[in-house]
Amino acid sequence: MAENNQNKNIEEIYSLPLLPLRGLTVFPHMVLHFDVGRKVSVKALEQAMLNNQMIFLTAQKDINSESPKQGEVYKIGTIAKVKQLLRLPGDTIRVLVEGIKRAKILKFTQTEPYFTVEVKEIAQKNTRVRKVELEALMRQVIMNFENYAKLTNRIAPEIAASIETIEEPARLSDIVASNLFIKVDSKQELLSENNIKTRLTKLLEVMSKEIEILQIEREISLKVKKQIDKSQKEYYLREQLKAIQDELGEGENWNSEIEGYKERLALGGYPIEVEEKLIKELGRLKKMHSAAPEGSVIRTYIEWVLDLPWNKKTEEILSLELASNILEKDHYGLEKVKERIIEFLAVRKLKNSLKGPIICLAGPPGVGKTSIAKSVARALNRKYVRLSLGGVRDEAEIRGHRRTYVGAMPGRIINALKQAGTKNPLILLDEIDKMSSDFKGDPASAMLEVLDGEQNFSFRDHYLELPFDLSDVLFLTTANNLSTVPKPLLDRMEVIDISGYTEEEKYNIAEMYLIPKQIKEHGLLKRQLRFESAVVRDIINYYTREAGVRGLERNIAKVCRKAAKTIIAEDRKVITVSKKNLVNFLGIKRYHYDKACRIDEVGIARGLAWTPVGGDTLSIEVNLMKGEGKIELTGQLGDVMKESAKIAISYIRSRADELGIENDFYKNYDIHVHVPEGATPKDGPSAGITLATSLISALTGIPVKRCVAMTGEITLRGKVLPIGGVKEKVLAAHRAGITTIILPGENEKDISDIPETISKNLNFVIAENMECVLQTALTSMPIPILKEVSEMNNDKVAHNEKCQDNIQSDASITGITPKTTVIKQ
Ligand code: ADP
């Protein structure tokens with residue numbers, strides 16, 4: 001272990017003038033200049049210049065003190081040599097000093113006009129320190145100082161370089177300490193430390209702390225710089241974009257658009273919830289730059305919300321008289337329908353609320369359902385919107401898509417309201433029976449909410465995300481086929497049936513409404529185009545086959561078009577459409593009604609069918625051939641119809657004796673049943689009795705009367721069960737020239753629905769069982785095969801049902817044979 005003998009322990013005492021320093025610590029070996037202005041300091045300097053230029057420099061504790069007292073300066077300071085003085089303007093002196101050695105104040109010998117102190121030099125303490133230890137500390141100090149110099153950027157590179165060459169530890173510590181940018185008290189601490197090892201260690205501590213702080217500072221400043229750089233870049237790019245948009249004339253639009261929205265919002269009339277939502281969305285839009293794709297999504301949304309009639313209404317007129325007049329003026333006939341609608345409006349007026357069942361106008365196409373709805377809207381002074389539900393299978397079509405979907409839009413209900421522009425329109429939900437459900441959800445359940453008066457005051461569309469009050473909307477619905485309307489929806493509806501028009505009604509509708517309307521729509525004058533009355537009937541019978549009048553209207557329009565062309569092309573004044581020249585307007589006849597047969601035939605019976613476009617007659621033909629009991633069914637019969645044929649055959653086999661038919665006919669004959677118009681699929685149970693009649697006629701050889709048509713389901717026991725669509729079927733039968741119609745017992749009530757003009761020309765026979773059907777339909781009753789009485793008694797299928805006298809009209813039906821009884825001979 002070597003001793004540090006560099007400084008000998010000769011502690012000399014000096015009497016020196018004192019210069020208190022503010023915010024500055026001078027170390028030995030340090031050369032620096034500072035300005036002196038205070039009187040005490042100047043005087044001390046002057047004294048020093050007189051005394052071999054030596055002065056004692058020490059820091060004052062309070063930097064702000066103008067004239068520090070004895071106790072207010074640090075005791076330990078540095079004896080320095082004044083190297084140069086430079087007088088500056090305004091009593092200031094610039095001094096260049098060099099620190100010589102550490103010293104400590106022993107006592108103050110003078111305080112006025114400057115301090116004079118007796119100081120004792122502090123010699124380096126000769127502690128026993130290992131040389132290598134000192135060397136290691138010195139290297140650490142040098143290394144740290146280099147780091148420090150790099151981080152601060154405030155130390156001249158030559159200082160850092162010169163430090164490396166210092167070999168004396170005391171000198172190194174002082175020079176390094178004097179070059180640190182640290183607080184005065186830290187510097188003072190380093191100055192006061194006499195032990196070299198401790199001083200170097202302290203210096204290292206101070207430096208490490210400073211380096212750490214500097215590193216953190218640097219990181220922070222880098223981060224800040226990065227952020228600033230990024231936002232500066234964005235700002236710059238945005239400014240550029242704005243400039244480009246301005247140049248293209250687009251920038252203005254964007255801002256003016258937001259202003260436009262704000263103006264519309266300020267006009268008011270929006271519920272608070274809506275207003276809040278719009279303000280929020282406008283805020284989002286403002287923050288977004290105009291090219292952002294989301295911007296256009298928000299814009300579309302805002303426009304939708306602004307466009308909706310949140311509070312706009314039309315003044316409703318609830319005058320029954322006016323409504324009745326309008327309905328009467330717009331539509332021919334339909335008495336029952338008009339009456340039901342007026343009743344509905346009366347209840348609505350009394351209750352002053354729209355809660356309650358929804359009217360459903362049910363019937364085939366073209367019977368005026370839509371046009372009645374339009375008239376109701378007109379009568380009530382409500383806007384009219386038609387919403388077609390045909391093919392709607394996704395709940396989102398009713399309720400909209402959530403905004404997260406690309407291309408999301410509100411549902412049809414909200415769409416209809418926008419179209420109406422008022423919150424109290426009449427919305428016609430057309431073809432509610434054509435709505436179906438699939439994996440995307442059930443539109444019917446969304447519809448239920450729309451139609452439910454208890455819930456629809458806050459209908460939520462997924463897109464809008466805002467509740468819309470639908471309670472002022474008057475909903476009407478239409479359906480072609482009630483059996484496919486979802487049950488819960490049907491429960492909420494009050495069904496008004498419009499079943500189809502008779503030829504007479506069609507004729508009147510054509511004469512009074514369709515012809516004048518089409519003539520006007522084609523720019524013609526009434527006197528320019530005349531329809532002979534027989535022509536209208538021909539159009540009805542040979543060019544259309546429908547329950548409504550849409551096809552009729554289309555054909556009339558076609559005639560008008562052709563007439564207009566002829567009037568212009570050939571310069572004609574008047575055109576008359578006659579039976580003869582009708583073919584020139586509409587081409588050859590398209591339909592030929594299945595007219596009643598000219599003669600009574602064996603094996604052909606006439607049934608009645610219901611189709612969505614009205615009723616039709618349906619001949620069923622049966623042929624018997626020698627064979628081995630095969631049954632052939634042709635004419636695209638559905639399963640139910642095929643089963644009806646089997647039931648009919650079973651019934652006949654069980655009654656073979658009674659019907660005078662060979663018991664084993666089903667073994668010896670092949671039976672072929674055909675229902676013409678083979679290309680049209682047919683199904684349903686209502687042809688049951690017709691099938692049985694034609695089979696019996698074929699098997700017995702007794703002809704079926706040509707003027708009879710029938711409809712009804714058959715059971716194995718020969719009972720006749722009720723069917724639907726009576727009115728349409730009867731109208732079709734009438735059209736075909738039928739005079740007698742056999743209906744099941746339970747359908748008797750439906751006869752009252754048939755217009756009197758038709759029913760007065762028809763005989764209705766109400767049949768409870770097959771026996772009665774045969775009595776009416778066959779030209780004569782079959783002769784039973786007589787058996788022994790004992791055999792008869794055992795016969796399980798003997799029956800005793802009677803056919804009552806069910807003939808409804810006075811007209812007697814020719815050929816009815818009295819009820820056949822088994823007479824023993
Ligand atoms: P739907 O809605 O039942 O399919 P529309 O209401 O579209 O039928 O009617 C088709 C056309 O027939 C319309 O031009 C309508 O004015 C007319 N129409 C139907 N029924 C009548 C009627 N009873 N009186 C006058 N015009 C009618």
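**Notebook: contacts, a patch and two backbone oddities**

I looked first at two helices and found that Leu 322, Ala 323, Ile 326, Leu 327 and Asp 330 in α10 meet Ile 372, Ser 375, Val 376, Arg 378 and Ala 379 in α12. Contact here means heavy atoms within 4.5 Å. I sorted these residues into 7 nonpolar, 1 polar and 2 charged. Ala, Val, Leu, Ile, Met, Phe, Trp, Tyr, Cys and Pro count as nonpolar, Asp, Glu, Lys and Arg as charged, and the others, Gly among them, as polar.

I noted that this is a predicted model, where local features need pLDDT of at least 70 and side-chain atom pairs pLDDT 80 or more, while totals for chains, interfaces and linings use all residues. Residues are numbered from 1 along each chain as its sequence is written, and side-chain values use heavy atoms, without hydrogens and water.

I then looked up the axes of α10 (residues 320–330) and α12 (residues 369–380), which come within 9 Å and cross at roughly 145 degrees. Axes are lines fitted to C-alpha atoms, for helices over the stretch in contact, with angles from 0 to 180 degrees between N-to-C directions. Helices (H or I, at least four residues) and strands (E, at least two) are DSSP runs, numbered from the N terminus.

I counted 46 salt bridges in the structure, each a side-chain nitrogen of Lys or Arg within 4 Å of a carboxyl oxygen of Asp or Glu. In one of them, Glu 133 pairs with Lys 197, with the closest N and O atoms 3.1 Å apart. Glu 133 lies in α2 (residues 131–152) and Lys 197 in α6, so the pair ties together parts 64 residues apart in sequence.

I checked the backbone last. The peptide bond from Glu 112 to Pro 113 is cis, with omega near -15 degrees. Pro 113 sits in the loop between β5 (92–110) and β6 (116–121). His 29 is not a glycine, yet has a positive phi of about 70 degrees.
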